[in-house]
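Trainee: Could you take me closely through the aromatic residues of this protein, and then through the parts of the chain that surround them? I would like one connected account that I can follow with the model open beside me.

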Amino acid sequence: MSTHEQQQPEDLAQLIARLKDAYGVNDSAIARRIGVAPATVNSWVNRKRGGTRGPNKDKLRALAREFPKFTESEIFAAAGRTTPGPLSEDARVRIIALIEELTEDQQEMTEVQIRALVERNRSLPS
């Protein structure tokens, strides 16, 4: 298959269209199940992002939870986002314990670095 014949990756609007078909739901039903306004789902369907970056990770995870025919990885990829890794409670405790050992300045610097990594992940293509 030539480069021109290769399909573009599915975007969130296309995935939601498939989701609607698979579950027989509309924008309002999706919105109600994931805790957003119907206008929010409509903006995703119509590819209107405004000043935002699209749905946050919690809403993407809610889509996967409420509509399990679609995986978290598939939904995050369609939204143009990388899927965040899981964080066990044990890992959370270890990370916090390490941060507590740092000076106040080091803690602030670490927070800045983590925020930068999160922003980078939000902007990476799938």
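**The aromatic pairs and their surroundings**

Mentor: In this predicted model, the count of aromatic pairs comes to 2. One of them is formed by Tyr23 and Phe67, whose rings meet edge-to-face, with 5.0 Å from centre to centre and 75 degrees between the planes. Tyr23 belongs to helix α1, which spans residues 12–23, while Phe67 lies in the loop between α4 (57–66) and α5 (72–78), so this pair ties together parts of the chain that are 44 residues apart in sequence. The two partners are not alike in their exposure: Tyr23 is partly exposed, at 24% relative accessibility, whereas Phe67 is buried, with a relative accessible area of 0%.

Tyr23 also pairs with Phe70, and here the ring centres are 6.5 Å apart with the planes at 40 degrees, so this pair is tilted. Phe70, like Phe67 before it, is placed in the loop between α4 and α5, and because Tyr23 is in helix α1, the pair ties together parts that are 47 residues apart in sequence. Phe70 is buried, its relative accessible area being 4%. Taken together, Tyr23, Phe67 and Phe70 form one aromatic cluster. A charged group joins the picture at Tyr23, since the charged end of Lys69 sits over the ring of Tyr23, 4.8 Å from the centre of that ring.

From the cluster we can move on to the nonpolar interior. The largest nonpolar core has 23 residues, and Phe67 is among those with the most contacts inside it, together with Ile30, Ile34, Trp44 and Leu63. Helices α1, α2 (27–34), α3, α4 and α5 each supply at least two residues of this core.

Trp44 deserves a careful look of its own. Trp44 is found in helix α3, which covers residues 38–45, and at 10% relative accessibility Trp44 counts as buried. Leaving aside residues up to four places away in sequence, Trp44 touches Leu12, Ala13, Ile16, Ile34, Val36, Gly54, Pro55, Lys59 and Leu63. For one of these partners, Ala13, there is also a backbone distance to note: the C-alpha atoms of Trp44 and Ala13 are separated by 5.9 Å, although the two residues are 31 residues apart along the chain. Leu63 can be read in the same manner, for with residues up to four places away in sequence again set aside, Leu63 touches Leu19, Ile30, Ile34, Trp44 and Ile75.

Helix α1, which carries Tyr23, takes part in a charged contact as well. Side chains of opposite charge can pair when their charged atoms come close. The structure holds 11 salt bridges, and in one of them the side chains of Arg18 and Glu74 meet at 2.7 Å, N to O. Arg18 is in helix α1 and Glu74 in helix α5, 56 residues apart, and the pair thus links distant parts of the chain. Both ends of this bridge are partly exposed, Arg18 with a relative accessible area of 36% and Glu74 at 27%. The bridge does not stand alone, as Glu10, Arg18 and Glu74 are linked in a network of salt bridges.

Two further salt bridges lie within single helices. The side chains of Arg94 and Asp90 meet at 2.6 Å, N to O, and being 4 residues apart in helix α6 (residues 89–100), Arg94 and Asp90 are separated by about one helical turn. Arg94 counts as partly exposed, at 48% relative accessibility. The side chains of Glu111 and Arg115 likewise meet in a salt bridge, at 2.6 Å, N to O, and these residues are 4 apart in helix α7 (residues 104–123), which again means a separation of about one helical turn. Glu111 is partly exposed at 39% relative accessibility, whereas Arg115, at 54%, counts as exposed.

A last word concerns the confidence of the prediction. The mean pLDDT of the protein chain is 87, and 87% of its residues reach 70 or more. Over residues 1–5, however, the pLDDT is below 50, and this stretch has 1 contact in the model beyond near neighbours in sequence.

Definitions and conventions:
Residues are numbered from 1 along each chain as its sequence is written. This is a predicted model: local features need pLDDT of at least 70, side-chain atom pairs count only at pLDDT 80 or more; totals for chains, interfaces and linings use all residues. Side-chain values use heavy atoms; hydrogens and water are left out. Rings of Phe, Tyr and Trp (its six-membered ring) pair if their centres lie within 6.5 Å; planes under 30 degrees apart count as stacked, over 60 as edge-to-face and the rest as tilted. Buried means under 20% relative accessible area, exposed over 50%, partly exposed in between (1.4 Å probe, protein chains only). A charge sits over a ring if NZ of Lys or CZ of Arg is within 6 Å of the ring centre and within 35 degrees of the ring normal. pLDDT is the predictor's confidence in each residue, from 0 to 100. Contact means heavy atoms within 4.5 Å. A salt bridge is a side-chain nitrogen of Lys or Arg within 4 Å of a carboxyl oxygen of Asp or Glu. A nonpolar core is a set of buried Ala, Val, Leu, Ile, Met, Phe, Trp, Tyr and Cys residues joined through side-chain atoms within 4.5 Å.
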